[in-house]
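Here is my note on the model, set out as numbered points for you to check against the structure as you read.

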Amino acid sequence: MIDFPHTMWISQYTVRFAFNEDISQGNFQTVQKFDRFLKKNLQHKLVETVASYHTVTAYINQKIDMKVLQKQWFGMQISTTDEDVASRHLQIPICYDEEFALDMQRVMDYTRLSYEEVKALHMSKAYLVYLIGFLPGFPYLGDLHEQLFVPRLKKPRKSVSASSVGIGGSQTGIYPLDSPGGWNIIGKTPFTLFDVHEKKSFLFSLGDQVRFYEITKQEFIEIKSKGV
């Protein structure tokens, strides 16, 4: 039985529900389950929900009875099994060429791994899209192999090029736009992550499973030229 989350009113019509602060797939599934629960049970009282690592923020247009909501939450868990929403499995090409891997030497020095070992470990896991944020379409992917846990740059770069792949702490991510950033850049994908002109503007969605595979610089150029 999952406890009802801690509640904090941000304003008269904004309430935040918080679970454990762990960044884990189990906690992510709980947050997503609660997000679906709110959408089902608040219905016309709900304007929007925003789910994060361990919180769900609900924007409402009417007062809600928190005691009733708690009973519904516990009752749902007793009476039914809420199935997880099926996730997409995406294969993302990445070029680890030195031209793109701006911080590979820093990562190697910190981890004491070779170039090939860093690449192998980065490609060894399927990552979960825990969060889309920071920039439009920026995916926070976890969980990174623990041997690749490297602190972010003490002084962020003024500009990181779009589609650069970085690691920082326990996560890896991809910059959808040219922007400042402090992640350790270890490669680049030829894919476009954010395009406002497309019907589906974002390449990634919450809950997607992402796996990287290596391509050469020539393959990068060829894919990029196709405008993927």
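1. Helices (H or I, at least four residues) and strands (E, at least two) are taken here as DSSP runs, numbered from the N terminus. This is a predicted model, in which local features need pLDDT of at least 70 and side-chain atom pairs count only at pLDDT 80 or more, while totals for chains, interfaces and linings use all residues. Residues are numbered from 1 along each chain as its sequence is written, and side-chain values use heavy atoms, with hydrogens and water left out.

2. Five helices and 13 strands make up the secondary structure of the protein chain, and its C-alpha atoms fill a box of roughly 60 × 40 × 35 Å along the principal axes. Of its 228 residues, 45% count as buried (under 20% relative accessible area with a 1.4 Å probe, protein chains only; exposed is over 50%, and partly exposed is in between).

3. Helix 1 (residues 25–42) has end C-alpha atoms 26 Å apart, which agrees with the 26 Å that its 18 residues should span at 1.5 Å a residue, the expected span being 1.5 Å times one less than the number of residues. Its buried residues include Phe28, Val31, Phe34 and Leu38, and the helix is followed by Gln43, whose phi is positive, near 45 degrees.

4. Strand 9 (residues 164–168) and strand 12 run antiparallel and are joined by four bridges, where pairing requires at least two DSSP bridges between two strands. Ile167 stands opposite Asn184 in strand 12; that strand (residues 184–188) is mostly covered, five of its five residues being buried.

5. Val50, which lies in strand 3 (residues 46–51), is partly exposed, with a relative accessible area of 39%.
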